[in-house]
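Thank you all for coming; please take a moment to look at the chain before I begin.

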Amino acid sequence: MNRVEAFRAGLNTWARWVDTDVDTAKTKVFFQGTSPAHYHGSDWGEPAVNNCLNKITPDQHTQEDYQLLWT
């Protein structure tokens, strides 16, 4: 299974658990993930970089950018 499919399956499982077992009127639920393009510096304008080590700000991709990655 490729990593995008695995991530989608895991996230769907987590979302079903939230929908069925968490009282969202009483509990806030947060999800923290990582960028799907975590190891390609060209995605944030630094093509010579092979990882995000020492980065201190999030990338500036829009929701539309991420939709392209997931479709």
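Of the contacts in the chain with a separation of 6 or more, what share comes from residues 24 or more positions apart? That share is 27%, where a contact means heavy atoms within 4.5 Å. I should say early that this is a predicted model, in which local features need pLDDT of at least 70 and side-chain atom pairs count only at pLDDT 80 or more, while totals for chains, interfaces and linings use all residues. Residues are numbered from 1 along each chain as its sequence is written, and side-chain values use heavy atoms, with hydrogens and water left out.

The chain has two helices and zero strands, these being DSSP runs numbered from the N terminus, with H or I over at least four residues for helices and E over at least two for strands. Of its 71 residues, 8% count as buried, that is, under 20% relative accessible area with a 1.4 Å probe and protein chains only, whereas exposed means over 50% and partly exposed lies in between.

Leu53, in the loop between α1 (3–21) and α2 (63–70), is exposed because its relative accessible area is 64%. From Leu53 to Tyr39 the C-alpha to C-alpha distance is 9.6 Å, with their positions 14 residues apart in sequence.
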